Amino acid sequence: LGELRPARAEFEAIPALYDPDRDRGLAARCVTDPRASGLSFLALVLWMMGHPEQARRTADEASRHAAGLRHANTTGHVLCHARGERVQLLGDAPAARACAEAVLALAAEHGMPMWRGYGLVLRGWALAAEGRPEDGASLVRQGIAGLDALGTVFHRTHLLGLLADIHARLGDPAAGLRLLEEAYREVARTEVRLFEAELRRLEGELRLL
């Protein structure tokens, strides 16, 4: 919903509630480990609230905790959200590419199509940022299509924004604006507003072009 302050408070409450001995099995019961995934989301929230160093430390803590669990889906969550999305928002293409390769390797090893979709998007954005926008756009479209086939809408508006950004690099702002219109319709339908401010920023860049 984009309500970052109360979200931060909820995420920051999780570590104190989590008992490593008692709660280790929650990863299997809850799809991802709640401590690691909570820290992943907290890292994003901290970055959006203007605390990049706190976000980095939180992402590192999520990674350490996930490494101790050796639970594939939790590892994918941390790689994509605590690390991949955060470094992409920082504009760090090499770090995003490294995260993408790790996510894709994990997805291939465990047969996890959702993480493969996110990994392809992340790899595509990194390629575009490093000067190969056509190749990057192709991978991002492939990743979004794979996620759509699974019915996955999580962070889809952000993925559409990444593709719109690549169209700016391709010199086709009109196509980028059409993608943002699709993203805004999705925001209205789902009320997922976490990345809405970033979509507005991208719209400004495209309109300047």
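Here are some exercises with worked solutions on a predicted model.

**Exercise 1. How do helices α4 and α5 pack?**

Task: Work out how the axes of α4 and α5 are arranged, and which residues make the contact.

Solution:
- Start with the geometry. Helix α4 covers residues 34-48 and helix α5 covers residues 52-69; their axes come within 8 Å and cross at roughly 165°.
- Now turn the angle into a word. Angles over 145 degrees count as roughly antiparallel, and therefore α4 and α5 are roughly antiparallel to each other.
- Then look at the handedness: α4 and α5 cross in a left-handed way.
- Who does the touching? From α4 come R35, A36, L39, S40, L42, A43, L46 and W47, and from α5 come P52, Q54, A55, T58, A59, E61, A62 and H65.
- Sort those residues by class and you get 10 nonpolar, four polar and two charged.

**Exercise 2. Try the next pair, α5 and α6.**

Task: Repeat the steps for α5 and α6, and find how the contact residues split by class.

Solution:
- Once again, begin with the axes: those of α5 and α6 come within 9 Å, with a crossing angle of roughly 165°.
- That angle makes α5 roughly antiparallel to α6.
- The crossing of these two helices, α5 and α6, is left-handed.
- On the α5 side, the contact uses A55, R56, A59, D60, A62, S63, A66 and L69, while α6 supplies T74, T75, V78, A82, R83 and R86.
- By class, the contact of α5 with α6 holds seven nonpolar, three polar and four charged residues.

**Exercise 3. Why is there no bond between C80 and C99?**

Task: Explain why C80 and C99 are too far apart for a bond, then say whether each is buried or exposed.

Solution:
- Take C80 and find the closest cysteine sulfur, which sits in C99 at 8.4 Å.
- A disulfide needs the two sulfur atoms within 2.5 Å. So at 8.4 Å, C80 and C99 are too far apart for a bond.
- Check it from the other end: for C99, the closest cysteine sulfur is in C80, again 8.4 Å away and too far for a bond.
- The disulfide count comes to zero.
- Next, burial. C80 is buried, at 6% relative accessibility, and C99 is buried too, at 9%.

**Exercise 4. Place four buried residues.**

Task: For D23, G38, N73 and L159, find the helix that holds each one and the residues it touches beyond its sequence neighbours.

Solution:
- The cut-off first: a residue is buried if its relative accessible area is under 20%.
- D23 lies in helix α2, residues 20-23. At 9% relative accessibility, D23 is buried. Leaving out residues up to four places away in sequence, D23 touches L17, Y18 and D33.
- G38 belongs to helix α4 and is buried, with a relative accessible area of 4%. Beyond neighbours within four places in sequence, G38 is in contact with F11 and I14. For a distance along the chain, take G38 and M48: they are 10 residues apart, and their C-alpha atoms are separated by 15 Å.
- N73 is in helix α6, which spans residues 72-89. With 16% relative accessibility, N73 counts as buried. Apart from residues up to four places away, N73 touches V31, T32, M112 and W115.
- L159 sits in helix α10 and is buried at 5% relative accessibility. Not counting residues up to four places away, L159 touches Y118, V121, V140, I144 and L147. L159 and G143 are 16 residues apart along the chain, yet their C-alpha atoms are separated by 9.1 Å.

**Exercise 5. Look at two backbone angles.**

Task: Find where H155 and E191 lie, and what their phi angles are.

Solution:
- A bit of background: most residues other than glycine have a negative phi.
- H155 isn't a glycine, but has a positive phi of about 65°. Its place is in the loop between α9 (133-150) and α10 (156-169). H155 is buried, with a relative accessible area of 4%.
- E191 isn't a glycine either, and has a positive phi of about 65°. You'll find E191 in the loop between α11 (173-190) and α12 (196-208). At 47% relative accessibility, E191 counts as partly exposed.

Conventions. Residues are numbered from 1 along each chain as its sequence is written. This is a predicted model: local features need pLDDT of at least 70, side-chain atom pairs count only at pLDDT 80 or more; totals for chains, interfaces and linings use all residues. Side-chain values use heavy atoms; hydrogens and water are left out. Buried means under 20% relative accessible area, exposed over 50%, partly exposed in between (1.4 Å probe, protein chains only). Contact means heavy atoms within 4.5 Å. Axes are lines fitted to C-alpha atoms, for helices over the stretch in contact, and angles run from 0 to 180 degrees between N-to-C directions. Angles under 35 degrees count as roughly parallel, over 145 as roughly antiparallel, 65 to 115 as roughly perpendicular and the rest as oblique. A crossing is left-handed if the near helix is turned anticlockwise from the far one by less than a right angle, and right-handed if clockwise. Ala, Val, Leu, Ile, Met, Phe, Trp, Tyr, Cys and Pro count as nonpolar, Asp, Glu, Lys and Arg as charged, and the others, Gly among them, as polar.
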